[in-house]
Structure formats: structure tokens, C-alpha cells
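Colleague: I would like to learn how to read a model of several chains. Please take me through it one feature at a time.

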Amino acid sequence: MADIKSFVKFFKNPLSVIGALIISALVMAAIFAPVLATHPPNEIVMADKLAQPSPAHYFGTDEMGRDIYSRIVYGSRISLQVGMQVVGIAISIGVFTGAVSGYYGGWIDEIIMRITDMFLAFPSMILAMAIAAALGPSLSNAVIASSITWWPWYTRMVRSQILALREAEFVEAARASGNTMFGVIIKYILPNCLSPLIVQATMDVGFAIQLTAGLSFIGLGAQPPTADWGSMLSTGRKYMLTHWWYVTFPGLFIFLVVLGFNLLGDGLRDHLDPKLKNTA
Amino acid sequence: MEKLEMEPLVHTVGIKKYYPIKRGVLQKTIGHVKAVDGVDLYINKGEALGIVGESGCGKSTLGKVILQLQPQTEGKVFFEGQDLSQLGKEAMRETRKKIQVIYQDPYASLNPRMTVEQSIGDPIDVFKLARGEEKRQIIIQLLKDVGLSESHLKRYPHEFSGGQRQRIGIARALAVNPGLIVCDEPVSALDVSVRSQVLNLLQELKSRFNLTYLFISHDLSVVRHLCDRVAVMYLGKIIESAPTREFFVLPLHPYSKALLSAVPIPDPAISRDRIILSGDVPNPANPPEGCRFHTRCPYKTDLCVAQEPILRQAGNNHYVACHEF
Amino acid sequence: MEEVILEIKDLKTYFYSDKSVVPAVNGIDLLVRKGETLGIVGESGCGKSVTCLSILRLIPDPPGKIVGGQILFKGEDLLAKTEAEMRAVRGNSISMIFQEPMTSLNPVFTVGDQLSEAIRLHQGVAKKEAKQKAIDMLKQVGVPAPEQRAREYPHQLSGGMRQRVMIAMAISCNPDLLLADEPTTALDVTIQAQILEMMRDLKDRLGMAIILITHDMGVVAEMADQILVMYAGKAVECATVKTIYKNPMHPYTVGLLDSIPRMDVDVEKLHVIEGVLPDLSNMPEACCFEPRCPDARSICSQKEPDLEQVGDSLVRCWKYCPEWRQ
């Protein structure tokens, strides 16, 4: 599947290349943050407060004189970590419940589906806010809150994939050759759900970053002085009209990262599912 | 019930498989599709039994019940004298090793994400028959048996043509040395020139490994070529069964006669008296009273409407369910 | 000799993808006379259905395109017609029936409505008259209780009944030519026998010509007057039905006839055509059957043979050319 030819083909689409570049830049920034940053992210220099972008401070400084560029570089760690965690937790819950629901059916399916209905009935932001507020404001609670609003989507997706695959002849053939239920799910069903799952997960990392940044923005996520893009945006709001750089750069980076994951996800979809590409 | 001359490999007693029809918000059962409605049959070791019939007659469902992929509503399946419904979960899994299946659609019956080696190796893993190099050698031998080669090991199903995929499916079924192979329309999806290759392969493997086939097909000429005995199904019941040679020369049941005469012969020089049946197969949710075939039978009498005929012996190993006999 | 209804000269229909060109039909000549049935036989991918769709100019473009040849319908070249003119031909003087009738019937209208709609569209008769005519048509194709059936939806009918409805729709405008693409493949044998019987009867009564596409050598033997055998987008043999079955010339035809299990002949082992169907996007400039041919000689892999008259048949094979002996 992942041979060189298809790898080359993936990079023929300019949009997927842009997506891949943005995401690799983000990953690089997260890994090499200490090297790339020009200042320690939490170093307060009151003398330099709210300085304009300049060679000394590429993106300017905030109200406590902290270097915004360095804070954004370090913030990429948090963003990436948050995105991965949210999607990781959501997928783990979603794949398990979806597989059980789809393969066994009956009353278990009924119960799981009604629970997902309940979760999906709320707008995700409102639900995440409610949960984060109940758990108390902190970054890890924001991650938990985001994950809880997210898993039902995966449950539904995995379930519908499995419903289609359960009837597939090769799955029956696997049962006929003596595989246990568990073996059938692991060896035959899940590998065939993988491509749409990967695509969805890639896109969702971007959205999860956006959602947790949103929670941080209203004060339910990362707490000061953590260098988090969402909370930077939140404090920067006060200075929006007078010091444009404070909100612009964190906002721009959230935008870029969400865009990057989306482009990458789109590219992967076309790549992993040639059928869709031809009909589109 | 049919009389048994020796202990058969498989026999079934009164197999019934009903599917509930559900309607409405509360999913109330309002009736049943009687896909298989009381089938007794036996297959001797080394024999190929052909099950023929038109779509919806229940032949595929019967195959799935014998494979125990679908639980029967009523009746019993015996394999080597053992009642399969009495077996525990583990014992049933062990028995699966002895009953394998080949499907109609070679495009759907292989896992697209598994290489040939993984696909064929899977049943070997499941039953822990061999590992490592020994397993690899077994797989290579199987590939050779079905006319493929070692070079195909690492390829994925989509890289093969329909006929080749069917060969992979056959190799997979053979991997665990089964006693019985249920072949569910194994050549219907293949092109004519490839069909004969696969038919010859099935025939050759049968005599080489002394295999027993339950060969489900709607194509009478294929059954005639490959099977030792034929059973005709109509609306969930066997209405005639006989040794192949006898059946094709002297079919007794009016439905069998019509079925045989309907098969087009690829020779314009032969003209035949064709029996054209009127009407369609009735709905299996609501089969006709009396003889199930009476709505289409050209010879029906009052008795046929009133009473259902049972399968009676009409010759050596020849059974027919018709009041005329 | 009856009047010629359809003549195809050197038809070429290619399909284009970013990577390759697939010559689905690559030089087909055929001729159909009034009241005659031409059977086109071949395996999947041989181009038989594409030929049919090309006649009606229904090839999806892109990726497909008719790149050469002539399709003369009663002397007029269909390839020169505008799309509007073609619409008047389709379903009117040439109609088509497909393998799976369910996909060609609209599930939300009753069959009576669909039939009378087709009649109104092409014949411009009043609604009431069209309705009556629809019921007549259903009666003609042997649908029992046509008044009641006309009020039913496609899913309420069996496969055989649906195919009858499709045929009723196809012949409702008295076409000169009926294209039947595997009309009985999805049906059971007893139903197939009914439909074939009805088609024969209709042909005799209405005097239309039929092009019957099938992979079943038995069905063509019973239905066709002329047979065209196709392989890999090319016609390899064309002759009357009696000639083909009595004296098949092309090695592919011979192999095809020998490889089917038969109800009237016993064989210990079936004849096998070795190898697999060729990849159309990568065809050699030689005889397309050469890799699988038991009789192939060196000339077969060098040059492509032409379709030549040999005895009563047209055959595309070097075996029957003077070059063979060299």
C-alpha cells in the first residue's frame, strides 16, 4: 500500500504538500523549541512590555514583556500534545464502543447508540464548556472535556464501517475458517476501517486544537503563565485595538495549524480512497 | 428420510431455517421467510453432491446452516456422526477445521488488506497447525496445488484476476485439510474461459485429496459435469435427488424436467421440446398449500393442492417428492 | 435479402485515463438486416457492451470517446448526428434493454406511468390513449393481469416481470432495432426460457432486428441468426449460427465452445483456454489472442491478422492466410 509510487503520487497534489509542510513545521517547532526560541517563554521583562515586532522580538512582546515569538514556539508543544491527546482518547473510546456496537448489534448497540445521540445532541463547544467548568479549569481537564465531546463521532464512524464489513463475504469466510469473534474484529474488520479513521483523525487533530484553544480562550483551559495559544489570544484581546501583534500571531498560528491538518487529511483521503477521488 | 447405505460424512435431519419478517416501530414479527423448510440429506465421503435450484430456493442458506455460520431454526446437522448443535464453543471451532467453504465472488471473499500468504496462512494460524518456515512451505505447496506460484506470496488480492483469486480462495479452504468443502456457486462469477480452468482444478483436487463437496449451483451443466449426485431444491425443500447420470437422463419431478429443458444447449442443430413454466417462484414467506410446485405444475391434480407429497424412493438412490410416483 | 438496418464500419471506442488509453472497442465491423438477430458473444471486457452503447452514443465522455468509424443506421451515420437528433433515435427507432432491469426503472413511479410516459414522449399521443397502450404492451410481453400490474411499483415485481416491463418499454415505439445487453443473465433458467421465448415471438411479430449481447454460448445458439465473436475489443470471427457451431474457425471460438460443460455431451476433463484475459491498456501490435493460442506461430506475435473471408465465415487469424505456411 505504502509503496514509493503512491508516495510520489501523494506529493503531486500541491495542497497536500502545503498541509504536510505546515504540519512538519509544527512538529519541528515542538521538538526544537529550546533551539528555535529566542527567549525563555516565561521570562518577564517589564521594561520591554508591549514592544512592537522588531529584530529583538520577532512578534513583539506582551503586557509583561514576554517574547511572543518564543511563547508561540513553546505553545506548539502544548497544541500538538493537546490535539494528539484529544484525538487519541476519542479514538480509543470510539473504536471500542463502535466495534462492540457494530459487531454485536442488538441491545448493546441500542444502548451505545442512544448514548452517542445524547452527546451529539449538544453543540460540542457548549458541552465541552460545561464539562470543563464542572471539572475545574486546567489544561488536562480541557483535554478530557474535548475528548468527551469527540468520541461519539468515532463510535458512529467505526460502527457504520463495521456494519458494512460484517456482511462482507471475507468476514464470513474468516469465521468459517475458525477465527474467534475477537480474531475476526482484529484481523479482518479493523484493518479495513483504518483508512477513513486515519483521515478523520488527521483532520480532527486540527479541530481539537481549535476547540481546546477555545476553552483556554474563555479561561477553562491552560492557565497562566502557560504559553498556550488560546490563552495568549484571550489576554491579548484587551490590547487588540492598540497592540495588533499580540492577538494576530497566536490567531494566525491556530489558523495555520487547523488548515494544515485539514489539507493533510484531505490529501490522505484522496490518497487512501481512490474510489472517492474518481467520483469527485 | 433417505435410507443410508453406509455412515455418511454429513447428514441433516429436518433442517429448517426461518428468517423473521419484522415491521413497524416495535419491530413486531409478522411472519417468516421459510428459506429452508425441512431438508434431509446425506453426503458420503469422497462424493460431490450438487444442490441445484433457482434463486431464493434456499440452497445457499442450506450451505450456511451446514457450515454452522447460521444457526438452524429446527433440525440437526451431523458431521461424522456428531450432532453439531450439541458441540460446545471450542469443539465447534475444532470442527470448523473439517468443513470449509469456497464462495461465489472471488472479489469479496478475500480480505483486501491481507497478502496471499496471510490469507492462506490465517486458518493455519487459527488452528496452530504450523509456524514459521514450516507454515511458509505449506502455503507454497498449497499455491502450487491450485496452479499459482511462490512469487504470488506477497501480493494483495487486487493484483489478481478473478480466476486467480478463486484459486487463492480454494487454497485457503484446503489449508486445514478439510473433510467437506461447501462450494457456493464457485464459478458463476467467472468468465467462460476461466470457468473451465477452475472446474478442472476442483475436479482434480477432489480425486487427489479425496475431498467431499457440497456443490451449490444454479448452473445445471456445471453440476452435471462435476457432481456424483444431484438434489433439486424448490422453495426450501428438496423435491428430487438422484445420481447425476440418472437424473439428467430420466428426471422424474415435473420441476426437474422443466429446469433441465430450460437450459440452453450451445448447438443450434439440436431442437428440443421445451417445457416453459408459467409464472414466477412463489414468495417463500407464504409458500403454497399442498405441493409447493402446484401453482406452476403442468400436471397438477386436486391431490396436489390438498396434500404435500413426501420424498419417496423411486429407484436406486433416486428420491422424488411428487404424487405421481 | 432483407434491407440492412445497421452497419458498423471499423468502430473504435477508447477510454482515456491519466495513465493510459484503453481501446475497449478497437475496430468492429458488423451488419444487421431487418428481422435478423445478431448475437455478440465474448467475455467480460471484450467490448461487447461498449459496442452497444456506442451505437446509441451513450458512452460517458469523458473518459470514453468514439474515435473512429461509422455507424450507419438505415443509411444515416449516427456519429454525424447532433445530440438532439440522437435523442429522437434513442428509445424510438433503436431501443435498449439492460441486464439489471431494476436499475433502469424509476423506483418512485408505477410501471404503468413509466410506460405511458415513454409512449407519450415518443409518439405524442394523449394521456389516456398512452395509458391504454401501456396496458396493451404489458399484455404483449406476457405480463398476467396487466391492468393491475400497471399500478404497481418496480420493487413489487419479480426479476422476470421487471425484465418484461423493460422489454415492453423498449418495444413500445416499434423500434427497428433492439439492443439487448445480457437481458437474461440476472434471471433464473426457467424465467430465462420464458423471456427468450417471448423475445423470439416478438421479433417474428414486429419484424425488428435484435442485437443480443451475451456471454452464454447456449443462449446465442438458440436466439441468433448471425454471431459475432469478440475478443479484447476486436471481432475475431463472424458467421451464421450454424456455421459457427458446426465449423468454428478461430482458435478462440474453438476453445470457447470446448470449454463449456454441456448438457448433451460427456467429457472427462473440460478443455481449457490457458492464461488470462489480456490487459487492454497494454496490447501488443500483434494477434491479441496469440499469448493464449495453442496454434500460435512466430507470425502471430509479429503482425496483426485482418478479418478475412474464409469459406462461410469472416475470421481474424493467420491460420487461414497464405502467410501461415511460410
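Modeller: What follows goes from the chains and their contacts to a helix and two single residues.

Modeller: Residues are numbered from 1 along each chain as its sequence is written, while chains are lettered from A and ligands numbered from 1 in the order in which they are written. This is a predicted model, in which local features need pLDDT of at least 70 and side-chain atom pairs count only at pLDDT 80 or more, while totals for chains, interfaces and linings use all residues.

Colleague: Which two chains have the most contacts between them?

Modeller: Two residues are in contact if their C-beta atoms, placed from the backbone, lie within 7 Å. Two pairs of chains touch, and the pair with the most contacts is chains B and C. In that contact, chain C takes part with 38 residues and chain B with 32 residues.

Colleague: Which helix of chain C gives the largest share of the side that touches chain B?

Modeller: Helices (H or I, at least four residues) and strands (E, at least two) are DSSP runs, numbered from the N terminus. Helix 8 of chain C gives the largest share, six residues. The side of chain C that touches chain B has 18 nonpolar, 11 polar and nine charged residues. Here Ala, Val, Leu, Ile, Met, Phe, Trp, Tyr, Cys and Pro count as nonpolar, Asp, Glu, Lys and Arg as charged, and the others, Gly among them, as polar.

Colleague: What about chain A?

Modeller: Chain A meets chain B through 15 residues, which are in contact with 20 residues of chain B. Helix 8 of chain A supplies the largest share of its side, six residues. By class, that side of chain A has six nonpolar, five polar and four charged residues. Chain A and chain C do not touch, and their nearest C-alpha atoms are 10 Å apart.

Colleague: How is the fold of chain C read?

Modeller: Start with the secondary structure: chain C has 11 helices and 12 strands. Its radius of gyration (taken over C-alpha atoms) is compared with the globule rule, which is 2.2 Å times the number of residues to the power 0.38. For chain C the radius is 21 Å, close to the 20 Å that the rule gives for 326 residues, so chain C is as compact as a globular protein of that length. The C-alpha trace of chain C spans about 70 × 50 × 45 Å along its principal axes.

Colleague: What should I check in a long run such as helix 4 of chain A?

Modeller: Check its span against the expected one, which is 1.5 Å times one less than its number of residues. Helix 4 (residues 68-104) of chain A has 37 residues and reaches 52 Å from its first C-alpha to its last, close to the expected 54 Å. At Tyr74(A) this helix bends by about 25°, the bend being the angle between axes fitted to the seven residues ending there and the seven starting there. After helix 4 of chain A comes Gly105(A), with a positive phi near 65°.

Colleague: Is Asp10(C) buried, exposed or partly exposed?

Modeller: A residue is buried if 20 or more other C-beta atoms, placed from the backbone, lie within 10 Å of its own, exposed if 12 or fewer, and partly exposed in between. Asp10(C) has 11 C-beta neighbours inside 10 Å, so Asp10(C) counts as exposed. Asp10(C) lies in strand 1 (residues 4-16) of chain C, and its phi is positive, near 50°. Asn317(B) has 14 such neighbours and therefore counts as partly exposed.
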